[in-house]
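Please look over the model shown here with its charged side chains and its internal space in mind.

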Amino acid sequence: MRDLLQHKPVLAGMAYQSISEAGVRLEALPEGHLLHVLGAIEPTVLAAELVKAGFAKSSIRKAGFRQWFVAGDEPLVPASLDALVAALAGKASVMDQSHGRVRIGVSGRSSRALLSRGTAVDLDPPVFPEGHSAMTMVGHLSVQIVRTGDDSFELTVLRGFAESLWEDLVHMAASAEKDGASSS
């Protein structure tokens, strides 16, 4: 009998990496669920429908004009997805991106400085407050950045580029550490 395909997290073995000298922690977040919602629906209406469909712990991230990502740590439940699709029929389309995108947490006192090495987005808290998101480039990779706390961010990237983004973040942190040591 043939072995069935098994899902393997793309960043397996890289659960987290603390780069203490640079003041940064990288974390491979659970691959839970990620839905792409497109349509003329207000975020407050979307949030209410998410609760009804069983996605109460999910967060909504702006991903463009009339586009949102709905992200959460819990695995996708098909019945919940069906309920959401039915509730949003005629208002918005829902596409499951859970197996196509990966989330990486970046936190620590130097997380903003680290990310500023790879993107042109102004990550200062008054400009980019908690809950704010932006689609941008980190180096050569298309990434969504979300501020999840004072010194914490979540990056969402296409699954095939997750390892490359992880390696770029480690490299940028090592480079920042080296630059800090040489300027002292």
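The report below takes up the salt bridges and then the cavity.

This is a predicted model, in which local features need pLDDT of at least 70 and side-chain atom pairs count only at pLDDT 80 or more, while totals for chains, interfaces and linings use all residues. Residues are numbered from 1 along each chain as its sequence is written, and side-chain values use heavy atoms, with hydrogens and water left out.

The structure holds six salt bridges, a salt bridge being a side-chain nitrogen of Lys or Arg within 4 Å of a carboxyl oxygen of Asp or Glu. Three of them are among those tabulated here.

| Salt bridge | Closest N and O atoms |
|---|---|
| Arg159 and Glu31 | 2.8 Å |
| Asp73 and Arg103 | 2.7 Å |
| Glu154 and Arg103 | 3.2 Å |

Asp73, in the loop between strand S5 (67-72) and helix H2 (78-88), is 30 residues from Arg103 in strand S7; helices (H or I, at least four residues) and strands (E, at least two) are DSSP runs, numbered from the N terminus. Glu154 in strand S10 and Arg103 in strand S7 are 51 residues apart, and salt bridges that share partners join Arg61, Asp73, Arg103 and Glu154 into one network. Arg103 is buried (under 20% relative accessible area), with a value of 7%.

The largest cavity, a set of points on a 1 Å grid over the protein atoms alone where a 1.4 Å probe fits but cannot get out, holds about 40 Å³ of space, the volume being that filled by probe spheres set on the points, which are joined across faces, edges and corners. Among its lining residues, which have an atom within 4 Å of a point, are Glu31 and Arg103.

Notes:
1 Å grid on protein atoms, 1.4 Å probe; cavity = no way out; pocket = protein on both sides within 12 Å on 5 of 7 lines; lining within 4 Å. Buried < 20%, exposed > 50% of the residue type's maximum accessible area, 1.4 Å probe, protein only.
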